[in-house]
Amino acid sequence: MTLAVFFGCTFIAFGPAFGLFLFTIARDPLRIIILIAGAFFWLVSLLLSSLIWFIAVKASDPQDERLQKGLLIFGVMFSVLLQEAFRFLYYKLLRKAIEGLVALSEDGCSPISIQQMAYVAGVGFGLMSGAFSMINLLADALGPGTVGIHGDSQLYFLTSAFMTMVLIFLHTFWGILFFHGCEHRRWWEIAAVVVMHLTVSGSSFCNPLYVGSLVPSYMLMAAAAAWAYLLSGGSAQNLRRFLLCLRSGASPQPGS
Amino acid sequence: MSEDSEESVPLLPLQQESMASALFNTDQNDNSERRRHDHSERRRNDHPESETNGQPQNNIQQVVEQDEEEDEELTLKYGAKHVIMLFVPVTLCMVVVVATIKSVSFYTRKDGQLIYTPFTEETETVGQRALNSILNAAIMISVIIVMTILLVVLYKYRCYKVIHGWLIISSLLLLFFFSFIYLGEVFKTYNVAMDYITVALMIWNFGVVGMICIHWKGPLRLQQAYLIMISALMALVFIKYLPEWTAWLILAVISVYDLVAVLCPKGPLRMLVETAQERNETLFPALIYSSTMIWLVNMAEEDPEAQRKASKNSTYDKQAPASQTQNEDAEADDGGFSQEWQQQRDNRIGPIESTPESRAAVQALPSNSQTSEDPEERGVKLGLGDFIFYSVLVGKASATASGDWNTTLACFVAILIGLCLTLLLLAIFKKALPALPISITFGLVFYFATDNLVQPFMDQLAFHQFYI
């Protein structure tokens, strides 16, 4: 509706992800490729799930509102499951790639570890998911109009931006958790990721009652963040040392 | 170690002496070819032709394998870097095209069609429209094939002057006329008041510097920027003047043609390369985007260069072809390199993607060529035709899709992944491969799928504010 809304929503939704990209991914070409391939995998999963939804909609009565909404909900759930399936497929592909990298490297180690790949893959999924949710909205935000003039919520753009941001973060953490679960054969971690994803998507059915969707999503994000941090080798001591180091500025920062 | 596995071969082998003297000529040749390609409507066919055909082809990638093991090792390590070296310019070109399409309405306004696509698509029935677009695509592709064959014939009968002249005129037209129109439309869009004198000065400077950078010597970044700009201009012209269905059909057909022309034994591209190889000449190195400057310099000083090269040549016989072909490329593009560079050039075989010549060169090269000194510095080449068609696809997607930005983004990712896969295949098969088919196929599939399937789904989700 104004440039301010456009820039505000863009930075809310994509700011953190862009920062992550700039500081951790942009330097390494291999990571950029993994990021784009992750985005591609997410896109393919979306394509397949939209195909199924489209077929279901075409086979049903377009006038029946409840049925259409029900089909949409089914579409959302199916899409979530398909996304996780493609995450698993991507894991398999990256595993093969790591074996290839190890075989081809001079010193027997791969230039990138599976944990780093998990993180980048998660960011890839998240960025693509966020972009697809948000980009058309942002384009509309630049044009004329009034939000909520027909009685809908006036916070539409803002809440969409916040939801997109939380989804991008969640995808990143889910990537780490999922790959960790696959690596160590802990199926309950994988199941937890799937359940979390279903929960977050399910909570969005409460919209426009934003407290029902944003609050649980952020809480889940915090939980997933802590879990992913612990799985990646972080601990309370590490965190404390990191924060204290920042304050004192005397010791070198712990590596990430 | 020789890492060139990922990419390939520089252009055809060439004697150093002849190279030096031929440098200027072939240089012009290339450039003119390139210009011709990137050329205006009148010579539109040239463009496609050049892509597919002779010019150091956009579509062809070649790889030289010097030392298998080392090649393999470095494939993935350096492969990633080279992939990114191509991602960036391709992305930039697409961004320029999409930004222009979205802001300047001139390029989405229907102002007639090219003479190569005479049938209109404003017909009453869908069947008639389909028929017209098929006819249009058929005419366009035949023009391309004819021009390609004409180029091969001209080259075979050594009509270099004709080719040079053609290329120079093309690049003049592109750098001056098209950019003038572009500038005019941008000013109109933003309602900027401007006088002719300032415009003349701007266009003059832009054009002259462009001609110098592209055909002679110039800073690498500036040259790359110019190549990206002219690819974008050409793509915009295509987007404007090709009606919708025709454009998609042409994209599909040209990928098939690319595949056939590069991989079949009787393909015109292949023949062109073989001819150039027989003559030990470089083929048109113009129309290629090069990411590093490892070339030899100075076309201007032909004699001393020739002598130096001659001496070097005898030492690096095996590499000669490759380096020379690369050389040619470079020569037009970069200049001012020292003896040191020459040395590196001689020692290296840089990756080149799109030259038919390279393909021939690869085949001609003995298997144990010298390894390059510094694999990391090896550059990558991609033909401008590839840039143009990728941008046409993404531009058309952003211009006409109902899903709008989603479709554009999907096509963009699809094309990048196609490029990545093509480079991977290149590293695996180590021979010339066309760069268009995989990317264009992915792009087309994702365009139609996203526009028709994903867009209604995302639309409904956005309406209810559901998140997946």
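**Exercise 1. Which residues in H2(A) meet which residues in H15(B)?** Work out the angle and handedness of the crossing too.

*Solution.* Keep in mind that you're looking at a predicted model.

Step 1: Find the two helices. Helix H2 of chain A covers residues 29–58, and helix H15 of chain B covers residues 405–429.

Step 2: List the partners. From H2(A) you should pick out A:Ile33, A:Ile36, A:Ala37, A:Ala39, A:Phe40 and A:Leu43, which meet B:Ala410, B:Val413, B:Ala414, B:Leu416, B:Ile417 and B:Cys420 in H15(B).

Step 3: Sort them by type. The contact of H2(A) with H15(B) has 12 nonpolar residues, no polar ones and no charged ones.

Step 4: Now the geometry. Two packed helices are described by the angle between their axes and the distance between the axes. Here the axes come within 10 Å and cross at roughly 125°. Angles from 65 to 115 degrees count as roughly perpendicular and those over 145 as roughly antiparallel, so H2(A) is oblique to H15(B). The crossing of H2(A) and H15(B) is left-handed.

**Exercise 2. How do H15(B) and H16(B) pack: roughly parallel or roughly antiparallel?**

*Solution.*

Step 1: Take the angle and distance. H15(B) and H16(B) pack at about 150°, and their axes are 8 Å apart.

Step 2: Apply the cut-off. Anything over 145 degrees counts as roughly antiparallel, so that's the label for H15(B) and H16(B). Their crossing is right-handed.

Step 3: Look at who's touching. On the H15(B) side you'll find, among others, B:Asn406, B:Thr407, B:Ala410 and B:Cys411, while the H16(B) side includes B:Ile438, B:Ser439, B:Phe442 and B:Asp451. Sorted by type, the residues of the contact of H15(B) with H16(B) come out as 13 nonpolar, seven polar and one charged.

Step 4: Link back to Exercise 1. B:Ala410, B:Ala414 and B:Ile417 of H15(B) meet H2(A), and these residues also meet H16(B).

**Exercise 3. What is the angle between H4(B) and H9(B), and which label does it earn?**

*Solution.*

Step 1: Locate the pair. Helix H4 of chain B spans residues 126–156, and helix H9 of chain B spans residues 268–279.

Step 2: Read the geometry. The angle is about 10° and the axes are 10 Å apart. Angles under 35 degrees count as roughly parallel, so H4(B) is roughly parallel to H9(B).

Step 3: Name the residues. H4(B) offers B:Thr148, B:Leu151, B:Val152, B:Tyr155 and B:Lys156, and H9(B) answers with B:Pro268, B:Met271, B:Leu272, B:Thr275, B:Ala276 and B:Arg279. This contact of H4(B) with H9(B) splits into seven nonpolar, two polar and two charged residues.

**Exercise 4. Is B:Phe466 buried or exposed, and which residues does B:Phe466 touch?**

*Solution.*

Step 1: Place the residue. B:Phe466 sits in the segment after helix H16 (436–464) of chain B.

Step 2: Check accessibility. Buried means under 20%, so B:Phe466, at 4% relative accessibility, counts as buried.

Step 3: Find the neighbours. Leaving out residues up to four places away in sequence, B:Phe466 touches A:Lys69, A:Leu72, A:Ile73, A:Val76, A:Ser204, A:Phe205 and B:Leu461.

Step 4: Compare with B:Gln460, which lies in helix H16 of chain B. With the same sequence neighbours left out, B:Gln460 touches A:Trp53 and A:Leu72, so A:Leu72 is a partner of B:Gln460 as well as of B:Phe466. At 31% relative accessible area, B:Gln460 is partly exposed.

**Exercise 5. How many residues does each chain bring to the contact, and how much area is buried?**

*Solution.*

Step 1: Count residues. Chain B contributes 39 and chain A contributes 49.

Step 2: Look up the area. The two chains bury about 3,900 Å² between them, with 78% of it on carbon and sulfur atoms.

Step 3: Spot the big contributors. B:Gln465, B:Tyr467 and B:Ile468 supply 22% of the area that chain B buries against chain A, more than any other three residues.

Step 4: See what two of them touch. B:Gln465 and B:Tyr467 both touch A:Ser160, which also touches A:Met134 and A:Leu137. A:Ser160 is in helix H5 (residues 156–183) of chain A, and its relative accessible area is 0%, so A:Ser160 is buried.

Technical notes. Residues are numbered from 1 along each chain as its sequence is written. Chains are lettered from A and ligands numbered from 1 in the order in which they are written. This is a predicted model: local features need pLDDT of at least 70, side-chain atom pairs count only at pLDDT 80 or more; totals for chains, interfaces and linings use all residues. Side-chain values use heavy atoms; hydrogens and water are left out. Helices (H or I, at least four residues) and strands (E, at least two) are DSSP runs, numbered from the N terminus. Buried means under 20% relative accessible area, exposed over 50%, partly exposed in between (1.4 Å probe, protein chains only). Contact means heavy atoms within 4.5 Å. Axes are lines fitted to C-alpha atoms, for helices over the stretch in contact, and angles run from 0 to 180 degrees between N-to-C directions. A crossing is left-handed if the near helix is turned anticlockwise from the far one by less than a right angle, and right-handed if clockwise. Ala, Val, Leu, Ile, Met, Phe, Trp, Tyr, Cys and Pro count as nonpolar, Asp, Glu, Lys and Arg as charged, and the others, Gly among them, as polar. Buried area is the accessible area (1.4 Å probe) that two parts lose on being put together, summed over both.
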